[in-house]
Amino acid sequence: MPTATQHIHDEVRELVRRRGLDPLKDPRGTRLLIDEVIGHYEERVATSALPPLLDRGDAARYVFDQVAGFGQLQQFLDDPGVEELWVNEPGRVFVARGGRSELTTVVLGADEIRDLVERMLKPSGRRLDLSSPFVDALLPDGSRLHAVIPDITREHLSLNVRKFVVAANSLDDLVARATLPARAARFLEASVAAGLNIIVSGGTQAGKTTMLGTLVNSIPPQERVVTCEEVFELRPNLPDVVAMQTRQPNLEGHGEIRLRRLVKEALRMRPSRIIVGEVRQEESLDLLIALNSGLPGMCSVHANSAREAVTKLCTLPLLAGENVTAQFVVPTVAASVDLIVQMGLEADGTRRVREIVAVPGRVEGGVVETADIFTTSDGALLRAEGFPPHADRFARCGHHLPDLLST
């Protein structure tokens with residue numbers, strides 16, 4: 001026999017259909033409708049065989065999550081302690097808290113998972129079908145959705161939602177969270193002001209996007225910033241920003257906009273800075289060429305160390321074509337990249353800066369030289385002996401480099 005909550009849920013869905021209400025676009029109207037239906041239900045219970053409503057608040061929350069939210073997953077999206085959630089198959093729903101994963105008690109049917117993904121994709125206009133078995137999209141709350149369907153996966157649709165939960169808008173916020181010490185933060189802040197080209201590297205969930213976002217917010221407010229991302233994740237708190245994201249091909253296979261195209265178009269938009277959310281493929285060549293032309297910029301890259309990040313930046317541009325050689329790329333990386341900020345996810349789930357490495361601009365034996373500015377020793381980020389390039393740029397911004405690194 002249907003419960004009181006199920007009766008209310010069915011009635012709300014029918015009224016949503018009749019009134020042409022879009023719950024995703026009008027959550028306030030949806031809540032008012034739910035309250036109206038619950039009120040009418042409570043009036044009818046006393047004179048009918050309807051089951052009694054035991055908890056009005058729980059019923060309202062459940063119906064709203066089902067109609068205007070994302071069903072049983074909504075509780076995790078609303079939970080500020082949950083950083084990420086993923087569904088491997090019906091009955092296998094996981095969440096991550098504090099960098100550690102746990103299996104939840106939520107059980108979803110295969111049809112329910114497909115319906116949830118369709119609802120999640122609706123605001124972005126992106127699709128998931130046999131011609132596009134992978135999808136990246138942004139949810140209304142800023143969380144990032146990634147989904148894959150069979151036969152790319154073995155049997156079941158795979159769903160992953162990465163939430164933007166770290167409210168860090170500045171390097172001071174990261175200092176407060178012990179992500180890096182104050183001295184390193186002041187150095188990075190001065191490096192951004194001086195126009196150094198900065199690469200944020202690290203593994204998955206190491207905090208690269210958060211660090212990149214705080215560095216972007218350190219850019220002087222008079223500069224014009226253009227960002228290029230797979231999906232919008234950066235949230236620059238600056239007055240002059242143009243944000244662009246990639247686009248999937250349409251059903252006919254046309255209209256795709258790749259990250260490389262965005263980087264090229266950004267150069268036509270009079271940027272003072274160019275920011276690429278993450279370089280993975282041949283777009284790295286276009287970014288390097290832009291940086292080498294004197295346009296300051298930043299990006300992130302997957303790497304296990306700062307040294308590996310440099311190696312990767314020397315390799316990825318080779319994907320752009322056979323005419324691109326290491327003889328061109330390696331010295332270009334040495335001349336274009338100034339700093340590498342390496343992030344790491346610790347065993348206790350915290351994110352920390354593990355090293356800050358300078359690229360002085362020299363190449364020896366086909367290898368880009370690096371210099372350690374800050375390194376981790378006994379769990380603490382400490383000053384090393386290296387210095388960044390372009391001391392004159394720091395001086396023009398009012399920073400005396402030796403004093404900046406010694407205080």
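**Exercises on salt bridges and a buried serine**

In this predicted model, Glu 223 and Arg 273 are both buried.

**Exercise 1.** Determine which elements the salt bridge between Glu 223 and Arg 273 ties together.

*Solution.* The closest N and O atoms of Glu 223 and Arg 273 are 2.6 Å apart, and the cut-off for a salt bridge is 4 Å. Glu 223 is located in the loop between helix H8 (208–216) and strand S8 (225–229), whereas Arg 273 belongs to strand S10 (residues 273–276), so the pair links parts that are 50 residues apart in sequence.

**Exercise 2.** Describe the setting of the salt bridge between Arg 17 and Glu 14.

*Solution.* Begin with the distance: the closest N and O atoms are 2.4 Å apart. Next, place the residues: both lie in helix H1 (residues 4–19), 3 residues apart, about one turn of the helix. Then consider accessibility: Arg 17, at 58%, counts as exposed because the threshold is over 50%, while Glu 14, at 28%, is partly exposed. Finally, salt bridges with shared partners join Glu 14, Arg 17 and Arg 18 into one network.

**Exercise 3.** Establish whether Ser 191 is buried or exposed, and identify its surroundings.

*Solution.* Ser 191 belongs to helix H7 (residues 182–193). Its relative accessibility is 0%, and it is therefore buried, the limit being under 20%. A polar atom of the Ser 191 side chain lies 2.8 Å from the backbone oxygen of Phe 187. Apart from neighbours within four places in sequence, Ser 191 contacts Leu 196, Ile 198, Leu 339 and Phe 394.

Conventions. Residues numbered from 1 in each chain as written. Predicted model: local features only at pLDDT ≥ 70, side-chain atom pairs only at ≥ 80, totals over all residues. Heavy atoms only, no water. Helix = DSSP H or I, 4+ residues; strand = E, 2+ residues; numbered from the N terminus. Buried < 20%, exposed > 50% of the residue type's maximum accessible area, 1.4 Å probe, protein only. Polar contact = N/O pair within 3.5 Å; in protein donor to acceptor, adjacent residues only side chain to side chain. Contact = heavy atoms within 4.5 Å. Salt bridge = Lys/Arg side-chain N within 4 Å of Asp/Glu carboxyl O.
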